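Visitor: I've got the viewer open and I'm in a nitpicking mood. Can you take me through the labels, and say what backs each one up?

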Amino acid sequence: MIKTIDISNRKHARDVLNVQIPSYKVEAEIIGSYEIPPLKDTVYNLQHCEETFIGYYKNEQLCGGISIKIVDEEVDIHRLIVHPNHFRKGIAQMLLNFIESTFKVETIKVSTGSKNVPAVSFYKKNGFINIKEVMVKEQISITIFEKKL
C-alpha cells in the first residue's frame with residue numbers, strides 16, 4: 001500500500017530513517033564514499049526538510065519511500081529509498097509511478113551518485129534524461145536527471 005507519511009510524527013520519521021540509512025549505505029558502498037548527506041540525517045532533519053514523504057507499506061511495515069518538493073510545474077525527487085531487504089521487488093518503480101500519476105506537473109527532476117549504476121539505469125529506463133553531472137568532491141559526482149511529462 002502506498003500512502004503519505006506524516007513526517008511530523010516522530011515514530012514515522014524514525015521509520016523513514018530506518019529505511020533511509022541502510023538504503024544509502026548501499027549507495028555509499030557503490031560510489032565509494034560515505035559522505036552522502038542522507039547518511040547524516042536525523043529525525044529532526046527529516047521533520048524540518050519541508051519535503052512531502054510517501055511510503056510503500058507491506059503489512060504495516062515501511063519498506064520504501066520517496067520524498068518530493070513541488071515548485072511551479074516541477075517535482076523534485078529528494079529521496080527514493082528502499083530497504084535492502086526489499087530490493088528487486090518493484091517498490092521503487094511503484095513509488096515513481098505513483099508520483100507520475102498523482103502529481104500533474106510538466107517535469108520531474110532527480111539526482112543520484114554518478115557511479116550508482118543501478119539508480120542511473122533505473123532513471124534512464126524510466127525515460128529520464130541526463131542533463132548534467134556535478135563534481136561534489138574529488139572523484140565523486142552526482143548526475144542530475146530530468147523527465148518531461
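**Pockets, strands and labels**

Guide: Let's start with the second largest pocket, which holds about 220 Å³ of space. Of its 16 lining residues, those closest to the centre are Asp15, Tyr57, Glu60, Gln61 and Leu62. Strand E1 (2-5), H1 and strand E3 (61-71) each give two or more residues to that lining, and H1 gives the most, with five. One caution before we go on: this is a predicted model, in which local features need pLDDT of at least 70 and side-chain atom pairs count only at pLDDT 80 or more, while totals for chains, interfaces and linings use all residues. Residues are numbered from 1 along each chain as its sequence is written, and side-chain values use heavy atoms, with hydrogens and water left out.

Visitor: What makes something a pocket rather than a cavity?

Guide: Both come from a 1 Å grid over the protein atoms alone: a cavity is a set of points where a 1.4 Å probe fits but cannot get out, whereas a pocket is an open set with protein on both sides within 12 Å along at least five of seven lines, and lining residues have an atom within 4 Å of a point. Grid points are joined across faces, edges and corners, and the volume is the space filled by probe spheres set on them. The structure holds one cavity of 30 Å³ or more. The largest cavity has about 30 Å³ of space, and its lining is Ile31, Gly113, Ser114, Lys115, Gln139, Ile140 and Ser141.

Visitor: And what is the volume of the largest pocket?

Guide: About 1,200 Å³. Its lining runs to 45 residues, with Glu27, Leu80, Thr112, Asn116 and Ala119 nearest the centre. Strand E4 (74-82) is among the elements that supply at least two residues, and E4 gives the most, with seven.

Visitor: How do the residues of the lining of the largest pocket divide by class?

Guide: Into 23 nonpolar, 11 polar and 11 charged. Ala, Val, Leu, Ile, Met, Phe, Trp, Tyr, Cys and Pro count as nonpolar, Asp, Glu, Lys and Arg as charged, and the others, Gly among them, as polar. By class, the second largest pocket's lining has four nonpolar, seven polar and five charged residues.

Visitor: What makes E7 a strand, by your rule?

Guide: Helices (H or I, at least four residues) and strands (E, at least two) are DSSP runs, numbered from the N terminus. E7 covers residues 140-148, nine residues, so it clears the strand cut-off.

Visitor: Why is E7 called largely enclosed?

Guide: Buried means under 20% relative accessible area, exposed means over 50%, and partly exposed is in between (1.4 Å probe, protein chains only). Seven of the nine residues in E7 are buried, so the rest of the structure largely encloses it. E5 gets that label too, because five of its seven residues are buried.

Visitor: How do you know which strands pair with E7?

Guide: Two strands pair if DSSP finds at least two bridges between them. E5 (residues 107-113) has seven bridges to E7, running antiparallel, with Ile108 partnered by Lys147. E6 (residues 129-137) also has seven to E7, again antiparallel, and there Lys132 stands opposite Ile144. E6 and E7 form a hairpin with two residues between them, and Gln139 in the turn has a positive phi of about 65 degrees. On another pairing, four bridges join E4 to E5, which run parallel, and Val75 has Ile108 as its bridge partner.

Visitor: Why is Glu60 called exposed?

Guide: Glu60 has a relative accessible area of 66%, over the cut-off, so exposed it is. Glu60 sits in the loop between strand E2 (52-58) and E3, and its phi is near 70 degrees, a positive value in a residue other than glycine. Asp72, in the loop between E3 and E4, is likewise exposed, at 71%.

Visitor: And how many disulfides does the count come to?

Guide: Zero. A disulfide is a pair of cysteine sulfur atoms within 2.5 Å, so no pair here meets that test. Cys49 is buried at 14%, and Cys63 is buried at 0%.
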